[in-house]
Amino acid sequence: MLEKEIIRSKKNAQVKAWKKLLTSKGRKKSQSFLIEGTHLALEAIEWKVPVKQWIMTEDYYQQNSQALSLSSEAPITVIDGDIAKELSATQTPQGVFAEVEATGKQSELVKGARYLLVDKVQDPGNLGTMIRTADAAGYDAIIIGEGSVDIYNEKVVRSTQGSLWHLPVIVMPLPQAIEELKAIGVQVLTTVLNKEAISYKETDQTMPVAIVVGNEGQGVSEEIQAISDQLIFIPMLGNAESLNVGVATGILLFHYIKM
């Protein structure tokens, strides 16, 4: 059997430390975050994410710990079901968690690349879906502006299904990012709903682009609109006032896909 530590009390100091990782403040202080579930555990191993420790229920440990530990030297802590429920963001925990380093991928902004820029998106499910979609569409990086939900929020991480580790996700002020992108010839297209915008279908599909999407209620800020190369919109045939930002992002990302 593998060496392990066993914790059965919810008042244990280590449990309290893990629960702090469920908050943005706690994650920033520790520079780590929790992942949950077998799929993310296996993704972390495959993509060589630095795992600080594995956290498993007794049942999960008995059935799966050997497979996980073959590719990771991180220590294992066994917990009971009540502690798992305290740490879980789901109604039915699978029984495995890991504390991983919030290292992230960094990347220089380069010519010929395609980017997704995110302005103050608040819903973690939306942001996670957008990261996953950008990964699926083969984009080179995602740039998250100030005011968006924490990329290591447990629901964001779960919604990415591992895509968080597949491509660079850069947190930086969007005005700075846009200035740098325009300087290297990347066209900045910002989504809006106003008369100054043109249909995305009227733009040059072959150019390297940075697509800017915005807050669920307010859209992209006027500051960002003012420094963009072009304002675009998605024509709608029905009576809906707008699209969910995750859905709109998917339409645009696959339109400006690398050919």
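**Group meeting: Tyr 139 and the five-stranded sheet**

Let me start with one side chain. Tyr 139 reaches out with its side chain to the backbone oxygen of Leu 253, at 2.9 Å. Keep in mind that this is a predicted model.

Where does Tyr 139 sit? Look at the loop between helix H6, residues 124-136, and strand E7, residues 141-144. Tyr 139 is in that loop.

Is Tyr 139 buried or exposed? Buried, because its relative accessibility is 5% and the cut-off for buried is under 20%.

Now, what is Tyr 139 in contact with? I'm leaving out neighbours within four places in sequence. Take the contacts in chain order. Arg 114, Tyr 115 and Leu 116 are on the list. So are Ala 134, Leu 167 and Ile 211. Then come Leu 252, Leu 253, Tyr 256 and Ile 257. Leu 253 you have met already: its backbone oxygen is the one at 2.9 Å from the Tyr 139 side chain.

One distance for orientation. Ser 199 is 60 residues from Tyr 139 along the chain. Between their C-alpha atoms there are 21 Å.

Next, the sheet. This one is open and has five strands. Read across, the order is E1-E4-E3-E5-E2, with mixed pairing. Which strands are at the edges? Strand E1, residues 5-7, and strand E2, residues 32-36. Each of these pairs on one side only. On average, neighbouring strands in the sheet are turned by 25 degrees against each other, ignoring direction.

Stay with E2. Its partner is strand E5, residues 96-101. The two run antiparallel, and five bridges join them. Here is one pair to find on screen: Ile 35 has Ala 98 in E5 as its bridge partner.

What lies across E2? Helix H3, residues 38-46. H3 also lies across E5 and strand E3, residues 51-57. The helix runs at about 125 degrees to E2.

Now zoom out to the whole protein. We have 10 helices and 12 strands. The C-alpha trace spans about 65 × 35 × 30 Å along its principal axes. There are 259 residues, and 50% of them count as buried. Tyr 139 counts as buried too.

Contacts across the sequence: take residue pairs at least 6 apart. Of those contacts, 77% join residues at least 24 apart.

Last item, the surface. The protein exposes about 13,100 Å². Carbon and sulfur atoms supply 49% of that area.

That's my tour. Over to you.

Methods
Residues are numbered from 1 along each chain as its sequence is written. This is a predicted model: local features need pLDDT of at least 70, side-chain atom pairs count only at pLDDT 80 or more; totals for chains, interfaces and linings use all residues. Side-chain values use heavy atoms; hydrogens and water are left out. Two strands pair if DSSP finds at least two bridges between them. Helices (H or I, at least four residues) and strands (E, at least two) are DSSP runs, numbered from the N terminus. Axes are lines fitted to C-alpha atoms, for helices over the stretch in contact, and angles run from 0 to 180 degrees between N-to-C directions. Contact means heavy atoms within 4.5 Å. Buried means under 20% relative accessible area, exposed over 50%, partly exposed in between (1.4 Å probe, protein chains only). A polar contact is a pair of N or O atoms within 3.5 Å; within protein, one must be able to donate a hydrogen and the other to accept it, and residues adjacent in sequence count only if both atoms are side-chain atoms. Accessible areas come from the Shrake-Rupley method with a 1.4 Å probe; for residues, only the protein chains shown count as cover.
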